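Q: I would like a close look at one part of this model. Take it strand by strand, then move outward to what packs around it.

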Amino acid sequence: MSRTKNVLFIGALVASTAFAATAARSEQFINILTGGTSGVYYPLGVALSKIYGDNIAETRTQVQATKASVENLNLLQQGKGELGFSLGDSVKMAAEGNAEAGFRGPLDKLRGIAAIYPNYIQIVATQEAGVKTVADLEGKSLSVGAAKSGTELNARAILGATSMSYEDLGKLEYLPFAESVELIKNRQLDATLQSSGLGNAALKDLSTSQAITVVAVPADVAEKLGSPYAAAVIPAGTYEGQTEDVPTVTVGNFLITHDGVSDELAYQMTKLLFENVPALTAAHSAAKDIDVKKAIEGMPVPLHPGAERYYKEIGVLK
């Protein structure tokens, strides 16, 4: 090869390599950490993935099914996701580094995107088990969600506020929503405690297959626990055969990111979330409670600067 051709070849190769490197750098990746596929986080994560993929240029998205809150927060701290769903009490314990909750130390990289919708503590038992209130769970078999999941942390709190513990149960199972329901169907379990939006797919499935009781959680439980818990009602007709309103408590859900996510990406994720609430509600009815005016209420960790920019832009923050 002549010297001139050699120079041209090398120049073209350098230019091509530089272009490829620039293209690789320009592509962003959003991994959305959700929960089990039968819960509410997963369908909302799928909907967000499509919204972000369609509207943020040069971005690839992925939805990851996880054990939900605690796992999501630990993965975000490690930079193994860009957005994660979590219960508010889990976020608070993560920031504090609560070892019993599943955090080895304070997760100092977590940053807030938005408060979204409330999770309802939903305890459902077979009608034949005779469980009408939390106190009636004594001596019964109960599934409390995956070990050290957000749901399981809620279960400990609810039982503790009613002067009960796992030791008061006849049998304890640490199972995700769908698996808990299957055990109930097979008469191997009396009840399941699930922390999710109303209209949980697993509980709907259970209520259409056999007679159930939606178990009451006394109003004073919310008072004993304090923020982020609040008294609420599961409306009559939420599940097949539920003819009356049932008192319970809620705990807020949050979308969390980490400080390694760029300000611009966090801004876009926040903005597109609130601009596409109808699409999210189509994915799951729990999203109807997403309200930008309440987006920063009770946020347990600092807001990401990108999210903060959006809230200032629309007047939610001064």
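The request below picks the part, and one connected answer follows.
Please focus on strand E4 (110-126). How many of the residues of E4 are buried? With how many bridges does E4 pair with E10, with E7 and with E8?

A: This is a predicted model. Start with the setting. The protein chain has eleven helices and ten strands. Its C-alpha atoms fill a box of roughly 90 × 45 × 40 Å along the principal axes. Of the 318 residues, 49% are buried. Among contacts with a separation of 6 or more, 74% join residues 24 or more positions apart.

Now E4 itself. In this strand, 16 of the 17 residues are buried, so the rest of the structure largely encloses it.

Take the strand partners in turn. E4 pairs with E10 over eight bridges, in the antiparallel sense. One register point is Pro118, whose bridge partner in E10 is Gly252. E4 also pairs with strand E7 (residues 191-196), again antiparallel, over six bridges. There, Ile121 stands opposite Ser195 of E7. E8 is another antiparallel partner of E4, joined over four bridges. In that pairing, Ala125 has Thr213 of E8 as its bridge partner.

Thr213 deserves a closer look. It lies in strand E8, which spans residues 212-215. Is Thr213 buried or exposed? Its relative accessible area is 19%, and buried means under 20%, so Thr213 counts as buried. Leaving aside neighbours within four places in sequence, Thr213 is in contact with Ile123, Val124, Ala125, Thr126 and Gln127. Val131 and Lys132 are also among its contacts. Ala125 thus appears twice: as a contact of Thr213 and as its bridge partner.

Next, follow E10 away from E4. Strand E10 covers residues 246-258, and it pairs with E3 over four bridges in the antiparallel sense. The bridge partner of Gly84 in E10 is Ile256. So E10 has two partners to keep in mind here: E4 and E3.

E3 is well covered too. It runs over residues 83-87, and five of its five residues are buried. In a regular strand the side chains alternate between the two faces of the sheet. Leu83, Phe85 and Leu87 point one way from E3. Gly84 and Ser86 point the other way. All of these residues are buried. On top of its antiparallel link to E10, E3 has a parallel one: two bridges join it to strand E1 (residues 28-33). Ile32 has Leu83 of E3 as its bridge partner.

Now turn to the helices that pack here. Helix H4 is the link back to E4. Its buried residues are Gly88, Asp89, Ser90, Val91, Met93 and Ala94. These buried residues pack against E4, E3 and E10. They also pack against strand E9 (229-234) and the helices H3 and H5. Gly97 follows H4 and has a positive phi, near 75 degrees.

One of those contacts can be described further. Two packed helices are described by the angle between their axes and the distance between the axes. Helices H3 (residues 69-77) and H4 (residues 88-96) pack at about 40 degrees, with axes 9 Å apart. That makes H3 oblique to H4. The crossing is right-handed. On the H3 side, Ser69, Val70 and Leu73 make the contact, and they meet Ser90, Val91 and Ala94 of H4. By class, that contact holds four nonpolar, two polar and no charged residues.

For contrast, look at another helix pair. The axes of H6 (residues 177-185) and H7 (residues 201-209) come within 9 Å and cross at roughly 15 degrees. That makes H6 roughly parallel to H7. This crossing is right-handed as well. Phe177, Ala178, Val181, Glu182, Ile184 and Lys185 of H6 meet Ala202, Leu203, Asp205, Leu206 and Ser209 of H7. Here the classes are seven nonpolar, one polar and three charged residues.

To recap the part you asked about: E4 has 16 of 17 residues buried. It is paired antiparallel with E10, E7 and E8. The buried residues of H4 pack against it.

Note on methods. Residues numbered from 1 in each chain as written. Predicted model: local features only at pLDDT ≥ 70, side-chain atom pairs only at ≥ 80, totals over all residues. Heavy atoms only, no water. Buried < 20%, exposed > 50% of the residue type's maximum accessible area, 1.4 Å probe, protein only. Contact = heavy atoms within 4.5 Å. Axes fitted to C-alpha atoms, helices over the stretch in contact; angles between N-to-C directions. Parallel < 35°, antiparallel > 145°, perpendicular 65-115°, else oblique. Left-handed = near helix turned anticlockwise from the far one by under 90°. Nonpolar A, V, L, I, M, F, W, Y, C, P; charged D, E, K, R; others polar. Pairing = 2+ DSSP bridges.
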